[in-house]
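Dear colleague,

I am handing over the structure we spoke about, and below it you will find a short account of what came out of going through it. Please read the account with the structure open beside you.

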Amino acid sequence: MLKLTPLRSEKVWGYEDWIASTHKDGVQKDFKELAGNYPLLVKIIQADDTLSVQVHPDDSTAETLEGKSEHGKTECWYVLDSKPGAKLVAGLKEKLTREQIKKAAEEKSLEQYLNFIEVKKGDFIFIPSGTVHAIGGGLRLLEVQQCCNITYRLYDWGRPREIHIEKGALSVKNLPDILEDVSADEKPFNFKTVKPLPQNFKCPYFSLSHKTISGGYSYLASGKECELLFVISSTDLKASSTAGEIKSGSIKLSREEIFAVTPGEKITLEGHGEIIRIRT
């Protein structure tokens with residue numbers, strides 16, 4: 001059970017902490033030694049101002065636009081904290097052609113087509129690749145995503161940063177098309193309203209298990225890849241692990257800490273708090 005140290009990146013809108021990463025743009029060396037090239041990237045995003053309106057390609061589009069070594073980016077957000085009335089963008093309100101998207105981006109009129117949703121602490125939002133999206137100011141999010149750092153900006157609220165209209169338009173999937181491609185298990189909301197994080201969520205790239213602990217909870221990490229243990233909250237939560245015949249001592253868990261757990265390792269939690277298990 002390895003505690004991971006965040007890598008911070010300051011942004012014009014706030015900052016993001018890469019809390020579990022083996023991506024070449026931000027490598028946690030101890031995590032890479034343990035997990036190799038991990039297929040997921042986990043972040044905490046502190047949005048003091050609104051992020052750009054952007055889109056991420058799917059696997060095939062990423063390979064076409066950026067090269068064979070690249071893959072796409074499907075992601076999800078869990079709201080850790082929010083100011084009253086905080087909003088985000090998830091998808092477009094109506095179906096647009098690529099030419100219409102390009103024209104709206106070029107004319108800076110894309111905002112009228114954006115699907116704004118008000119969110120609060122505890123809400124969960126799934127963002128499949130190809131979804132036009134933006135994180136609003138006043139939000140702190142946990143982001144779980146494919147291990148990809150490709151972002152195409154379509155609109156940036158007047159800030160003088162690079163815009164990627166051609167590649168962005170090629171990557172966009174219209175909201176109705178996205179919903180048709182997503183199974184019921186992967187669709188815990190309808191892009192109009194959001195819901196709290198379900199006990200279990202699964203998509204083709206990752207799964208999340210949400211657990212409220214009151215007393216004790218044990219589990220065995222299975223599968224071929226490491227899994228991650230993220231602490232949402234902790235009152236007096238402690239953890240110990242057993243790997244083979246080796247048992248660790250008990251350690252105190254604090255809010256927003258994350259740990260890498262090796263396959264076959266048994267984790268025992270005691271106390272009170274909330275966790276998310278993140279698996280490939």
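**Surface, fold and one histidine**

The protein exposes about 12900 Å², and carbon and sulfur atoms supply 47% of that area. Please bear in mind throughout that this is a predicted model. Of its 280 residues, 53% count as buried.

As for the fold, the protein has five helices and 23 strands. Its radius of gyration is 19 Å, close to the 19 Å that the globule rule gives for 280 residues, and the protein is therefore as compact as a globular protein of that length. Along its principal axes, the C-alpha trace spans about 60 × 40 × 35 Å. Among the contacts between residues at least 6 apart in sequence, 78% join residues that are at least 24 apart.

Turning to charge, the protein carries 38 positive and 40 negative charges, and the mean positions of these two sets lie 2 Å apart.

One residue was looked at individually, namely His164, which sits in the loop between β14 (152–155) and α4 (165–171). Is His164 buried or exposed? Its relative accessibility is 17%, and because buried means under 20%, His164 counts as buried. Leaving aside residues up to four places away in sequence, His164 touches Thr151, Tyr152, Arg153 and Leu154; of the elements that flank its loop, β14 covers residues 152–155.

With best regards

Note on methods:
Residues numbered from 1 in each chain as written. Predicted model: local features only at pLDDT ≥ 70, side-chain atom pairs only at ≥ 80, totals over all residues. Heavy atoms only, no water. Helix = DSSP H or I, 4+ residues; strand = E, 2+ residues; numbered from the N terminus. Buried < 20%, exposed > 50% of the residue type's maximum accessible area, 1.4 Å probe, protein only. Contact = heavy atoms within 4.5 Å. Rg over C-alpha atoms; globule rule 2.2 N^0.38 Å. Areas by Shrake-Rupley, 256 points an atom, 1.4 Å probe, with all protein chains shown as cover. Lys, Arg positive; Asp, Glu negative; His and termini not counted. Charge placed at Lys NZ, Arg CZ, Asp CG, Glu CD.
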